[in-house]
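Okay, thanks for coming, everyone. Let me put the structure up and then talk you through what I found in it.

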Amino acid sequence: MASIGTRPKGVDQEARSAVTRLFDDTRRRLVETGTRNRLIHVNRANTRGNVLNIVNEHSDDVHALLSGGKTMRFFALGKDKVEDSGEVVLANVIGQRSEEDRRTDSWLETRLGPDALQKKLLKIAREAQTAEEESGVNVLYLAMGFLTWYEDKASSLPREAPLVLLPVELVRNARTSTFDLRVRDEDALTNLPLQQRLRDDFGIELPELEIEEDWKPSDYFTEVQQVTRSRERWKLDPDAMQLGFFSFSKLLMYRDLAIEAWPDDALAAHALTRGLLYEGFEPEEPLFTSNDKLDEVLPPEKLFHVVDADASQAKVIEEVRSGRNLVVQGPPGTGKSQTITNIIAAAAKEGKRVLFLAEKMAALTVVNDRLVKVGLRDICLELHSRSANKKAVLGELARTLSQASVVPGVPGAPTALREGRDRLSSLAEALHRPIGATGETAYSVLGRQSQFIGKGMSPPTLEVESLHSMSRQQEIDLLATIEEYGALLAEEGRTASHPFEGTGNLHLQPVDLARLTISLTEAQVAVTSLAKSLRMPVDALALPNTAAFDVVAPLADVLGSVPK
């Protein structure tokens with residue numbers, strides 16, 4: 001794989017042009033610069049969504065208070081309708097403060113009533129928390145300053161777009177049980193989609209946001225007015241503010257995928273890009289075959305697993321360690337996060353760097369927690385959620401640098417692991433060892449027994465010696481005989497009711513049949529005589545009248561005990 005910054009040989013201009021067109025088309029689909037994007041157009045008159053308009057405030061003053069570490073509260077100027085004993089009572093909160101106090105105090109005024117304000121804040125706070133828990137990215141901002149612009153000279157529909165977005169969070173006030181506003185330890189942003197739209201449609205380069213020590217939002221608004229003053233009817237409201245949700249993730253991807261932003265055609269000429277888009281990949285011999293025994297191919301001294309891994313996971317880990325590109329798929333619960341944890345740990349051991357990306361923050365958190373749990377916190381740098389701000393990143397770097405002088409303990413040879421593996425391997429070998437010429441193993445026999453139990457049947461009692469010497473063909477023949485017998489039973493009915501039940505010889509000749517008549521006649525006479533002989537002692541002993549061979553032996557025992 002070619003390293004970043006070098007252009008491999010063989011990348012012709014036609015291929016590069018094809019890649020550029022593909023990237024440009026993909027980038028256009030990534031960024032929504034239409035008016036449906038709230039960063040392009042915000043209908044501030046519509047307050048039914050999860051937005052809160054701030055009124056009677058100045059952007060510079062609010063920014064100074066929030067950036068100075070202060071928490072601001074919301075002030076309800078409006079009135080609510082309250083039901084009281086069937087009568088409607090108007091509750092009105094009016095600020096009796098001077099203009100100067102209202103500009104510099106820690107209150108943010110809104111036109112909502114007290115109840116409506118708290119409901120709105122609760123809804124916004126919950127949605128912000130859910131979004132951050134799912135994606136690890138904050139999308140709640142206090143928008144400062146709105147540019148009113150028109151799509152063309154003939155348009156009569158004004159568009160409004162925010163210019164400065166301050167990352168904030170709503171925190172519950174323990175004393176009042178209401179929500180207050182606090183700035184997050186992140187940099188303020190300008191409107192990146194608006195920058196793109198104005199550049200594409202009007203050739204206007206919206207300035208970048210360069211925040212210095214004494215920076216004020218009005219400084220940026222002055223720059224924006226300079227570049228937009230030639231546009232008729234366009235105007236800027238520097239003190240318009242709105243609390244709402246804004247997302248920049250797709251636009252940042254848009255910028256990262258710009259071919260010209262990478263030095264020396266590093267993106268267009270990268271081996272992975274070429275392989276995925278137009279060259280394809282050369283087939284590689286499998287690292288493992290179906291006949292390989294992993295215990296022999298991967299002895300304990302070659303493994304580096306910090307969490308448990310089964311055979312399939314071990315193969316994936318070794319594929320990645322060997323530098324191969326692969327896709328691993330599996331439903332939830334199949335151990336993907338465990339495999340990623342082992343891959344990251346093995347790469348770190350070999351001096352490599354790993355960037356782990358995921359759409360959901362839960363996936364990042366699970367892997368990070370696993371690495372921390374096994375003592376590898378010092379190799380991890382969190383760049384999502386609240387850990388993505390500069391202060392936290394610098395703190396983590398300082399902590400890990402201080403740990404660099406610590407000499408880690410070096411584990412000894414994996415003797416115990418090898419011995420445990422060998423014991424388990426010997427057990428597995430015994431379970432799969434053939435039993436004589438039967439074609440069966442202990443494992444397959446146990447499986448058959450489990451089938452009987454699973455079907456609710458009692459396991460059959462069979463002679464072990466016969467089974468041990470029975471071949472697979474003999475078993476097949478015996479099963480065929482049993483199936484035939486079962487078919488006859490189904491056709492003829494229960495054997496106890498059959499007149500020839502117990503008969504064994506089914507191939508009698510005419511002479512045998514003649515002899516059978518005499519034998520049966522003699523047997524009938526003998527049975528009749530026996531029945532008469534049995535009836536006398538049975539009647540004498542007042543026993544139940546039964547005529548069966550089963551009573552002969554007990555009756556003979558009783559008669560033998562009677563004195564003569």
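Before I start on contacts: when I say contact, I mean heavy atoms within 4.5 Å. And keep in mind that this is a predicted model.

With that, look at leucine 243. Which residues is leucine 243 in contact with, leaving aside its neighbours within four places in sequence? There's a run of them at Asn50, Val51 and Leu52, then Phe74, Leu121 and Ile124, then Leu140, Tyr141 and Leu142, and finally Val168, Leu170 and Leu181.

Some of those names come back when we look at the cores. The largest nonpolar core has 47 residues, and the ones touching the most other members are Phe74, Leu142, Leu163, Leu170, Leu181, Tyr220 and Leu243. The top contributor to this core is β7, which puts in six residues. There's also a second, separate core, made of ten residues, with Phe146, Leu192, Ala240 and Phe246 among them. As background, nonpolar side chains in soluble globular proteins tend to be buried together.

Zooming out for a second. The protein chain has 19 helices and ten strands. Of its 564 residues, 30% are buried. If you take the contacts with a separation of 6 or more, 65% of them come from residues 24 or more positions apart. The accessible surface comes to about 37,300 Å², and carbon and sulfur atoms own 55% of that.

Now, pockets. I want to show you the second largest one, with a volume of about 1,100 Å³. It's lined by 33 residues, and the closest to its centre are Leu303, Phe304, His305, Val306 and Pro411. Which helix gives the most to that lining? That's α10, with three residues. α9, α10, α13 and α14 each supply at least two. If you're thinking about the chemistry in there, the lining splits into 19 nonpolar, five polar and nine charged residues.

Last thing, a couple of backbone oddities. Asparagine 56 has a positive phi, about 60 degrees, and it's not a glycine. You'll find asparagine 56 in the loop between β1 and α2. Serine 177 does the same trick: not a glycine, but a positive phi of about 60 degrees. This serine is in the loop between β7 and β8.

So are those two buried, exposed or partly exposed? Asparagine 56 has a relative accessible area of 37%, so it's partly exposed. Serine 177 comes in at 47%, so that one counts as partly exposed too.

That's my tour, happy to take questions.

Key:
Residues numbered from 1 in each chain as written. Predicted model: local features only at pLDDT ≥ 70, side-chain atom pairs only at ≥ 80, totals over all residues. Heavy atoms only, no water. Helix = DSSP H or I, 4+ residues; strand = E, 2+ residues; numbered from the N terminus. Buried < 20%, exposed > 50% of the residue type's maximum accessible area, 1.4 Å probe, protein only. 1 Å grid on protein atoms, 1.4 Å probe; cavity = no way out; pocket = protein on both sides within 12 Å on 5 of 7 lines; lining within 4 Å. Points joined across faces, edges and corners; volume = space filled by probe spheres on them. Nonpolar A, V, L, I, M, F, W, Y, C, P; charged D, E, K, R; others polar. Areas by Shrake-Rupley, 256 points an atom, 1.4 Å probe, with all protein chains shown as cover. Core = buried A, V, L, I, M, F, W, Y, C linked by side-chain atoms within 4.5 Å.
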